[in-house]
Number of protein chains: 2
Amino acid sequence: MKITHNNNQLNIADVGSEVSLRGWVSKSRRMGGLIFIDLRDQYGITQLTIDHQSHSYEKAMSLRQEFVVYITGIVVERKSKNLSLRTGEIEVQIDEIEIINSSENPPIQVIDITDSLESTRLKYRYLDLRRLEQKKFIIMRSKISQAIRKALLSKDFHELETPILGKSTPEGARDFLIPSRIYENQFYALPQSPQIFKQLYMIAGFEKYFQFARCFRDEDLRADRQLEFTQIDIEASFVTQEDIIELIEMIMVSSFEEVLKMKIQSPFSKITYEDAIKIYGTDKPDTRFDLLIEEFDKSYKDSNSPLFSLEKQAYIIVDKLLSRKDLEHLAQIHKTHGGNILTYVKKSVSGFSGPLTKHLEEEQLLTLLRKKEQTLLLSTGNFNQVFEPLGAVRSKLGKILEIVDKNKFNFLWVTDFPLFEYSQEDDRLYARHHPFTSPQNEKEMIEEPLKAKSKAYDLVLNGYEIGGGSIRIFKEEVQQKMFEMLNLNPSEISSKFGFFTEALRYGTPPHGGIALGLDRLVMLMTETENIKDVIAFPKTQSARDLMMDSPNEVEKIQLKELGIKVKK
Amino acid sequence: MKITHNNNQLNIADVGSEVSLRGWVSKSRRMGGLIFIDLRDQYGITQLTIDHQSHSYEKAMSLRQEFVVYITGIVVERKSKNLSLRTGEIEVQIDEIEIINSSENPPIQVIDITDSLESTRLKYRYLDLRRLEQKKFIIMRSKISQAIRKALLSKDFHELETPILGKSTPEGARDFLIPSRIYENQFYALPQSPQIFKQLYMIAGFEKYFQFARCFRDEDLRADRQLEFTQIDIEASFVTQEDIIELIEMIMVSSFEEVLKMKIQSPFSKITYEDAIKIYGTDKPDTRFDLLIEEFDKSYKDSNSPLFSLEKQAYIIVDKLLSRKDLEHLAQIHKTHGGNILTYVKKSVSGFSGPLTKHLEEEQLLTLLRKKEQTLLLSTGNFNQVFEPLGAVRSKLGKILEIVDKNKFNFLWVTDFPLFEYSQEDDRLYARHHPFTSPQNEKEMIEEPLKAKSKAYDLVLNGYEIGGGSIRIFKEEVQQKMFEMLNLNPSEISSKFGFFTEALRYGTPPHGGIALGLDRLVMLMTETENIKDVIAFPKTQSARDLMMDSPNEVEKIQLKELGIKVKK
């Protein structure tokens, strides 16, 4: 039952050849005394035909969708060519048919563009994955992974494994726990990332590590999040931020080249966190379009308007007259993102209009709005009420105005992140990145923590954070101090991280790294908007596997062996 | 702080060059006015020297073990060369020293041959891994993995991921469970292998899959087992047993060639399960030495001795006179492995001796023992009391007689396994391999299950099972029947495997595969006997991570969120 070709290979040059193919019956239709069959495999589709005079005609009549068949036949030129198909110039006249397996009528159609409900597609994921459009995402994922691996291996990185049965150290997201059968009342935890292990690899003198690491976070799911995800985890010793940035740029350039045959410009642009917030209203700017945020010149503050008595004013100017509906929508978004007041002025041939006209002199308006038709959106309030809400408005404007160039891949490094965040609720500091990130200045970390910057850097692509990394703390006393700044008392430090602070004592090299989100990167590289498309067997947003029906109840004996009880 | 060389590069050709190196102080000793330092990195060791007249002498005096340093200096030829070291012909005269990090006195010595307790080594694993002897295992693991991956990619296999948060389907080993926070009284489970997912990939029309898959079994640990392990998981559609065997032989030949520069003979030998048991007393024979088991000729049964009234007799002949101590030891092993009676006869220049002389005629003895000095060990009892116990005796004899050729890598395929095993205790059948393995004959599976053979095959290397695979069931009705044979009632089949039997209905291609145990393969290829050596961060035999001290108790709030209680 050996085949001569896959279903994406035959073309006009093969006309006259005797071939054998196999695959799934994708479509079958009768026209007069002929049957046409689309035969599908992982690679593509070949059209088969059979005449009612053939000795195999009856067998061909019995074929239904998704039957698995093996056929032999002769390649002939098609009369009506289908140039959207790679095999569209030919068809195969069937000689013999062997039915390898039959199929019941499938609950979803295995066709390129599906209109089945997502829940049905996930329940029958194995059929959904037969759609070549869907399969393409998974094959691309595999190709992108290999391209990235190849780039890392070319720089002498070693692919090294880390345990999945780890230890719970809740700082940040919730851990998944695994009860130990042997030790009563004790638990392993699934890793949120191999952060500590990769640092231990550096301490152990492995100088260049990477891993396609599965990570787990028991958080409520958002559209682009899964309970488990894969990150390309990278760490190296004796490196600076610039070394890591250069490495990642090389990886991205070579992967885009290899997989998408696309030249990506490097070095990538860089922006500080502070500038990103002030100019784009977000720490993951989509730079495929402009619409920059500008701060109001202080001189306008002379105005008596209460609008300008607030701490900050900033605005975006659009070269278009926005409709009332758009303006209402934008005001809503501004508010949802914590904004205070969003107001506007429009300039048209008939002059200025809109609520802001009352607060500014015409002269001021003329300096701001120099083109014929423009709208200025002004946000006012304190820092947090102005910039991030305007960032959300900017993002929406990109869509409304259709000014996002979908063919662009705009990479951007965001650097100089704050070291800490202050939580009013808990009245304490949290690490902005994670507690192992090196401060830029150790004195500042202690004395002016909220001003202190870290050696962290994020990689942003088209408005998505696809990677985050940092140079790490490599001196024990700094790490201790960091934990103290995060309100951990000595006994907590010791029980949670004692082994790690001890490890830092024995000649830890300077080191740093990054983790790239594979799922998100593949999503962007394959130009889909649903992260589930690039994961073969995803969970739903309500954390279920609809195909396997998991999680589920287990047998009593299993819980008994683990010494745990569940709430009734 | 860029370096010119790593610590395994410099040789006599570099004499006179100015170089910069970095690494860990492995040893430091003073001789007269000189200090000698061994500088270590991931690659090797370079000897440094410094004279008391140097301006850096004082700094060199302050260096202690495991300090991290950066140095510059001049390469000179050594007076007393150390040819066991790749850099042993030269040393570097230090000019400048920069201390990058200091170290406390390490709790274990970072030297090639360690005499520290295993528990101390595991607690300070990051120091243990600094030993180049230990590091070598992990680096080799990474190289072996890449060689295998390269071979699979060359055959158009796709590396595809499967979920870690799966479903508990207890058949065989115990599952690790993960409580769901969202669904009360429900659990995910860690996969014992991606078996079902890889079959679903085939059903989904991915024709060639592989993955370096993490697998989990909550079983009591043996010396060569871990709670989590890595298998090279392989599956393909439209394949026969021969196709998989050919593929794996290609992978092994190319990996041994690439990593060990060693030519492995292929095709590998094959033996049926039945012959393996009868000839070697085990389904994983070590064929690096002979000592075959032979069944007693039926004609001896004429003897009146009660020894021969039992069902089976078989023996091993050794070309040596075994000592009483050895014989006692072997009898013990025979018994431990479920043997009934082990007896012997020795032939020496002074004639025959030993208990068996009473049961056999001299003529019979002379036909059996033809050499000058021999010992014959005879086991008698039923089938299970004879062959496997003799297999254990054979294995021990290999060691006692020192006839195992340690330089050999003897691969062997074991085929034609029984489909089922019968458990007296539970009075039911169990799948010998797993419930997805295809029978050789479906009728036999139903009518004579204990005679039925499966399309399963194991790969054995030097007496270790390093892989197991099979051609799978691909027809729903056969899979249903298989579950019934395993005593699952319709509601169990439906709740545990319903989604899978349903999947089989929609045009499943014939498929099969194998899983290779990476840990064990690396252990054999690196010629160590401890599986922990080839795992960077292993657990102990009592299932603990001594470094992180995991598992451990978690915070009450975590359990509360998960809705579980632990026994007090």
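Trainee: Hi! What domains does the assignment give for chain A?

Mentor: Domain 1 covers 12-101 and domain 2 covers 289-404, with bounds from an automatic or database domain assignment. This is a predicted model, where local features need pLDDT of at least 70 and side-chain atom pairs count only at pLDDT 80 or more, while totals for chains, interfaces and linings use all residues. Residues are numbered from 1 along each chain as its sequence is written, and chains are lettered from A and ligands numbered from 1 in the order in which they are written.

Trainee: Thanks! What distance separates the centres of those domains of chain A?

Mentor: Taken over C-alpha atoms, 62 Å.

Trainee: New topic: how many residues does each chain bring to the contact?

Mentor: Chain A gives 92 residues and chain B gives 92 residues. Here, two residues are in contact if their C-beta atoms, placed from the backbone, lie within 7 Å.

Trainee: And which element gives the largest share of chain A's side?

Mentor: Helix H4 (residues 132-154) of chain A, with seven residues. Helices (H or I, at least four residues) and strands (E, at least two) are DSSP runs, numbered from the N terminus.

Trainee: Do tell me about strands, then. Which strand of chain B is joined to S23 of chain A?

Mentor: Strand S23 (residues 564-566) of chain B; three bridges join it to strand S23 (residues 564-566) of chain A, and the two run antiparallel. Strands pair if DSSP finds at least two bridges between them.

Trainee: Which residue stands opposite Lys565(A)?

Mentor: That is Lys565(B), in S23(B).
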